[in-house]
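Welcome to a short set of exercises with worked solutions. Keep the viewer open, try each task for yourself, and then go through the steps below it.

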Amino acid sequence: MNPDVEIYLNKARLWQEELVTLRTIVVDTPLTEEFKWRTPCYTFQKKNVVLIGAFSDNCVLSFFKGALLKDPLDILTKPGENTQAARVVRFTSLQEIIELEPVLKAYIEEAIEVEKAGLKVDVKKEAEPVPAEFQKKLDESPALQTAFAALTPGRQRAYLMHFSAAKQSKTRENRVEKYIPQILDGKGIHDCTCGLSQKLPACDGSHKSIR
């Protein structure tokens, strides 16, 4: 039992009883209990296998490589539309967890076998569409084209997803205008721009201390 997990569960304001029950199920397997990303994480030979966590409307058991599991009961779902590897089982009551305990343990055992076999999810690197508002700016500025092309694929994708997420064309235009200087500086959307971050190149919010 990891003491950080004990603290996490004792402070949980939502789904506490459900989280405790999920933990009891998971620790009764060969997994090692750790605490990562501010949530209970369970590993096998230092490989992440499952997480437990709570949201406002449900709690979850999340499998890092859930896409590789057989899922005969069809209880695994994608946590996000673009998620490729992870899958979650969502719960809205303690009774659901209790009833699924044997199934959950079977899924965990399968997930462990996936790690033992060294299997990996075949992640498809689909090109993110370029919003017309940003494409217009790229066409107008060779410097912007060069700077954007020099960014890592992950940074490019983050920008494109942020621009495309806006429903209104005007909002997309405003987002593009806002981040053009940052792109020209060779920085990603989540990179530090003030130089004060303790987690460079990522931003940790240190810019908020600037007066």
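The protein chain holds 7 helices and 5 strands, in a model that is predicted.

**Exercise 1. Find the order of the elements along the protein chain, and state what percentage of its residues count as buried.**

Solution.
- Step 1: Start at the N terminus and read off the elements, which run α-α-β-β-β-β-β-α-α-α-α-α.
- Step 2: Turn to accessibility: of the 211 residues in the protein chain, 38% count as buried.
- Step 3: Look at the contacts in the protein chain with a separation of 6 or more; residues 24 or more positions apart account for 52% of them.

**Exercise 2. Locate the largest nonpolar core and work out which elements supply it.**

Solution.
- Step 1: Count the members of the largest nonpolar core, which come to 32 residues.
- Step 2: Pick out the residues with the most contacts inside this core: Leu-31, Leu-61, Phe-63 and Phe-91.
- Step 3: Assign the core to elements. At least two of its residues come from each of α1 (3–11), α2 (16–27), β2 (39–44), β3 (47–54), β4 (59–63), β5 (87–91) and α3 (94–116).
- Step 4: Ask which element gives the largest share; α3 does, with 9 residues.
- Step 5: Move away from this core to find another one, set apart from it, with 14 residues that include Phe-134, Leu-144, Ile-180 and Ile-189.

**Exercise 3. List what Phe-91 touches, leaving aside its neighbours within four places in sequence.**

Solution.
- Step 1: With those neighbours set aside, the contacts of Phe-91 include Trp-15, Leu-22, Asn-58, Cys-59 and Leu-61.
- Step 2: Add the remaining partners of Phe-91, namely Glu-96, Ile-97, Leu-100 and Leu-104.
- Step 3: Follow up one partner, Cys-59: this residue is buried because its relative accessible area is 0%, where the limit is under 20%.
- Step 4: Try Cys-41 as well, which counts as buried at 0% relative accessibility.
- Step 5: Check for disulfides; the count comes to 0.

**Exercise 4. Compare the reach of α2 with its expected span, and name its buried residues.**

Solution.
- Step 1: Take the 12 residues of α2 and go from the first C-alpha to the last, a reach of 16 Å.
- Step 2: Set this against the expectation at 1.5 Å a residue, which is 16 Å; the reach of α2 is close to that value.
- Step 3: Collect the buried residues of α2: Glu-18, Leu-19, Thr-21, Leu-22, Arg-23, Ile-25 and Val-26.
- Step 4: Pick Arg-23 from that list and look for Asn-2, one of its contacts. Asn-2 sits in the segment before α1.
- Step 5: Is Asn-2 buried or exposed? Its relative accessibility is 16%, so Asn-2 counts as buried. Beyond Arg-23, and apart from neighbours within four places in sequence, Asn-2 is in contact with Glu-33, Glu-34 and Phe-35.

**Exercise 5. Search the structure for empty space, both enclosed and open.**

Solution.
- Step 1: Begin with the idea behind the search: rolling a probe the size of a water molecule over the atoms shows where empty space is left.
- Step 2: Count the cavities of 30 Å³ or more, of which there is 1 in the whole structure. The largest cavity has a volume of about 60 Å³.
- Step 3: Find its lining residues, among them Asn-48, Val-49, Phe-63, Phe-64 and Ala-111. β3 and α3 are the elements that give two or more residues to this lining, and α3 has the largest share with 3 residues.
- Step 4: Go on to the second largest pocket, with about 260 Å³ of space. Of its 14 lining residues, Leu-51, Phe-55, Val-60, Ser-62 and Val-88 lie nearest its centre.
- Step 5: Name the largest contributor to this pocket's lining: β3, with 4 residues.

**Exercise 6. Place Gln-84 and find its partners.**

Solution.
- Step 1: Gln-84 lies in the loop between β4 and β5, and is partly exposed with a relative accessible area of 29%.
- Step 2: Follow the chain 39 residues to Val-123; the two C-alpha atoms are separated by 6.4 Å.
- Step 3: Leave aside neighbours within four places in sequence, and the contacts of Gln-84 are Ala-67, Val-121, Asp-122, Val-123 and Lys-124.

Note on methods. Residues numbered from 1 in each chain as written. Predicted model: local features only at pLDDT ≥ 70, side-chain atom pairs only at ≥ 80, totals over all residues. Heavy atoms only, no water. Core = buried A, V, L, I, M, F, W, Y, C linked by side-chain atoms within 4.5 Å. Buried < 20%, exposed > 50% of the residue type's maximum accessible area, 1.4 Å probe, protein only. Contact = heavy atoms within 4.5 Å. Disulfide = S-S within 2.5 Å. Expected span 1.5 Å × (residues − 1). 1 Å grid on protein atoms, 1.4 Å probe; cavity = no way out; pocket = protein on both sides within 12 Å on 5 of 7 lines; lining within 4 Å. Points joined across faces, edges and corners; volume = space filled by probe spheres on them.
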